[in-house]
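Trainee: I am new to this structure, and I would like to understand the reasons behind the words used to describe it. Could we go through them one by one?

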Amino acid sequence: MRQAVLRTLLHSSSTDEDPRHRFCPQGETSWCFFNRAVARGEQPGPHHENMSFFLSREVAEQMKPTYLRLAEPSLMDRCARGKTQNPNEGLHAIIWKICLKTTFVGRERIEEAAASGIGHYNQGASFIQYVIRALGIRPSHKGDLVPQSLDQASVTKAQKKDSDEAKRRRKLREAAIRQHNRELGELEGVTYGAGIQDNDISDSDSDEENAP
């Protein structure tokens, strides 16, 4: 896994004088043109003709600390199970619901939101019951039932979203949106891109308005 992280940096900064493909996949079907040619017993072609993206050595050296950080064993251990990103995003979503990113607050408010978010993420809405009891307050019967009903509603909603029918509907909806965007693109043409200036777009709009 560490080699997989480092291979893109080394591959992209390789030259004919100093090829850096030792971490790239081997074999005749490798995506690395250099190792693919070697496996076939051929002379690898020039780098500038076979690489669609190239990093200068100066840029690669500046990026190297970041790649080394990403390849640290401690981080690799956390990513090995493939259960890092989604839980983090789920926790962040809960925290930002409690403490909006669009509103400035002090450090104490952020720490409270983080603590509350972690509690809700780990124990659900029932987390508030543990807090109340820790303060020496005995919740009422209704106070016990409400968090439980909220947690059950969350579980039911998650199971519904994970059903095959819900997944099918999401795919159909996403396909319809993509098709709609393609149709708009064909109708409007290119409205944004390198070298396009605002006056070019406004001129084309005025031409369409003045057209008979």
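Mentor: Let us start with a term: a helix here is a DSSP run of H or I with at least four residues, and helices are numbered from the N terminus. By that numbering Asn 35 lies in helix H2, and please keep in mind throughout that the model is predicted.

Trainee: What makes Asn 35 count as buried?

Mentor: Buried means under 20% relative accessible area, and the value for Asn 35 is 7%, so Asn 35 is buried. If neighbours within four places in sequence are left aside, Asn 35 is in contact with His 21, Cys 24, Pro 25, Gln 26, Gly 27 and Ser 30.

Trainee: Why is Ala 39 called partly exposed?

Mentor: Ala 39, which is also found in helix H2, residues 33-39, has a relative accessibility of 38%, and since partly exposed covers the range between 20% and 50%, that is the term that applies. With neighbours within four places set aside, Ala 39 is in contact with Gly 27 and Glu 28, and its C-alpha atom is separated by 7.2 Å from that of Gln 26, 13 residues apart along the chain.

Trainee: How do you know that Ser 154 belongs to the partly exposed residues?

Mentor: The relative accessibility of Ser 154 is 47%, which is not over the 50% needed for exposed and not under the 20% needed for buried, so Ser 154 counts as partly exposed. Ser 154 is found in helix H9, and its C-alpha atom is 9.5 Å from that of Ala 125, although the two residues are 29 apart in sequence.

Trainee: Why are helices H1 and H4 called roughly antiparallel?

Mentor: The axes of H1 (residues 2-12) and H4 (residues 57-70) come within 10 Å and cross at roughly 175°, and because angles over 145 degrees count as roughly antiparallel, the term fits this pair. Val 5, Leu 6, Thr 8 and Leu 9 of H1 meet Ala 60, Met 63, Lys 64, Tyr 67, Leu 68 and Leu 70 of H4, and the residues of this contact divide into 8 nonpolar, 1 polar and 1 charged.

Trainee: What makes H8 and H9 roughly antiparallel?

Mentor: Helix H8 (residues 127-134) and helix H9 (residues 141-161) pack at an angle of about 150°, with their axes 9 Å apart, and an angle over 145 degrees is again what the term requires, so H8 and H9 are roughly antiparallel. Ile 128, Gln 129 and Arg 133 of H8 make the contact with Gly 143, Asp 144 and Pro 147 of H9, and these residues divide into 2 nonpolar, 2 polar and 2 charged.

Trainee: Why is the pair of Phe 33 and Phe 34 called edge-to-face?

Mentor: A search of the whole structure finds 1 aromatic pair. In this pair, Phe 33 and Phe 34 are 6.4 Å apart centre to centre with 85° between the planes, and because a pair needs centres within 6.5 Å and edge-to-face needs planes over 60 degrees apart, both conditions are met. Phe 33 is also buried, because its relative accessible area of 7% is under 20%.

Trainee: How do you know that the chain is built from helices rather than strands?

Mentor: The chain has 11 helices and 0 strands, and buried residues make up 21% of its 212 residues.

Conventions
Residues are numbered from 1 along each chain as its sequence is written. This is a predicted model: local features need pLDDT of at least 70, side-chain atom pairs count only at pLDDT 80 or more; totals for chains, interfaces and linings use all residues. Side-chain values use heavy atoms; hydrogens and water are left out. Axes are lines fitted to C-alpha atoms, for helices over the stretch in contact, and angles run from 0 to 180 degrees between N-to-C directions. Helices (H or I, at least four residues) and strands (E, at least two) are DSSP runs, numbered from the N terminus. Angles under 35 degrees count as roughly parallel, over 145 as roughly antiparallel, 65 to 115 as roughly perpendicular and the rest as oblique. Contact means heavy atoms within 4.5 Å. Ala, Val, Leu, Ile, Met, Phe, Trp, Tyr, Cys and Pro count as nonpolar, Asp, Glu, Lys and Arg as charged, and the others, Gly among them, as polar. Rings of Phe, Tyr and Trp (its six-membered ring) pair if their centres lie within 6.5 Å; planes under 30 degrees apart count as stacked, over 60 as edge-to-face and the rest as tilted. Buried means under 20% relative accessible area, exposed over 50%, partly exposed in between (1.4 Å probe, protein chains only).
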